[in-house]
Amino acid sequence: MKDEMISKSISIRTERFLAPAQIGVDVSDNRSTLLSQRAAVIFLLGALTAVGAGVLTFVNGGTPASATLVGGAAFGAAVTFFHTVID
């Protein structure tokens, strides 16, 4: 009885370090992506625009709060712009 518990414990511990496919888990299911490649590029460009606008506002003497607000507004405008431009 005790030997069985020890062997189960050992097998559980070794399975933690194996890849899912090695222990019989099916990893071949093709799920759809969360975002399309186009949407990811649009959000990336929007985030870069927001960071740039926020940094420029802060360097120009703005407060962190105003830099955040300007960055948020720039993000919204950039996402709308890039959504229109990128086809």
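A residue counts as buried when its relative accessible area is under 20%. Keep that cut-off at hand for the exercises below, which work through a predicted model.

**Exercise 1. Take stock of the fold: how many helices and strands does the protein chain have, and in what order do the elements run?**

Solution. Start with the count: the protein chain has three helices and zero strands. Next, read from the N terminus, which gives the order α-α-α. Then turn to burial: of the 87 residues, 14% are buried. Finally, look at the contacts with a separation of 6 or more: 61% of them join residues 24 or more positions apart.

**Exercise 2. Decide whether Ala67 is buried or exposed, and find its contacts.**

Solution. First, place the residue: Ala67 belongs to helix α3. Its relative accessible area is 9%, and the cut-off for burial is under 20%, so Ala67 is buried. Now set aside the neighbours within four places in sequence; Ala67 then touches Gly54, Thr57 and Phe58. As a last step, check a distance: the C-alpha atoms of Ala67 and Leu56 are 8.0 Å apart, with the two positions eleven residues apart in sequence numbering.

**Exercise 3. Work out how α2 and α3 are arranged: are they roughly parallel or antiparallel?**

Solution. Begin with the geometry. Helix α2 covers residues 37–59 and helix α3 residues 64–85; the two pack at about 150 degrees, and their axes are 7 Å apart. An angle over 145 degrees counts as roughly antiparallel, so α2 is roughly antiparallel to α3. The crossing of α2 past α3 is right-handed. On the α2 side the contact includes Ile42, Gly46, Ala50, Gly54 and Thr57, and on the α3 side Ala67, Val70, Gly71 and Ala74 are among the residues involved. Sorted by character, the residues of this contact are 15 nonpolar, seven polar and one charged.

**Exercise 4. Describe α2 itself: what is its span, and which of its residues are buried?**

Solution. Take the length first: α2 has 23 residues and spans 33 Å from first to last C-alpha, close to the 33 Å expected at 1.5 Å a residue. Then list the buried positions, which are Ala39, Ile42, Gly46, Ala50, Gly54 and Thr57. To make sense of the spacing, recall that an α-helix has 3.6 residues a turn, so residues three or four places apart point the same way. The buried residues of α2 pack against α3. To finish, step past the end of the helix: just after α2, Gly61 adopts a positive phi of about 105 degrees.

Methods. Residues are numbered from 1 along each chain as its sequence is written. This is a predicted model: local features need pLDDT of at least 70, side-chain atom pairs count only at pLDDT 80 or more; totals for chains, interfaces and linings use all residues. Side-chain values use heavy atoms; hydrogens and water are left out. Axes are lines fitted to C-alpha atoms, for helices over the stretch in contact, and angles run from 0 to 180 degrees between N-to-C directions. Helices (H or I, at least four residues) and strands (E, at least two) are DSSP runs, numbered from the N terminus. Angles under 35 degrees count as roughly parallel, over 145 as roughly antiparallel, 65 to 115 as roughly perpendicular and the rest as oblique. A crossing is left-handed if the near helix is turned anticlockwise from the far one by less than a right angle, and right-handed if clockwise. Contact means heavy atoms within 4.5 Å. Ala, Val, Leu, Ile, Met, Phe, Trp, Tyr, Cys and Pro count as nonpolar, Asp, Glu, Lys and Arg as charged, and the others, Gly among them, as polar. The expected span of a helix is 1.5 Å times one less than its number of residues. Buried means under 20% relative accessible area, exposed over 50%, partly exposed in between (1.4 Å probe, protein chains only).
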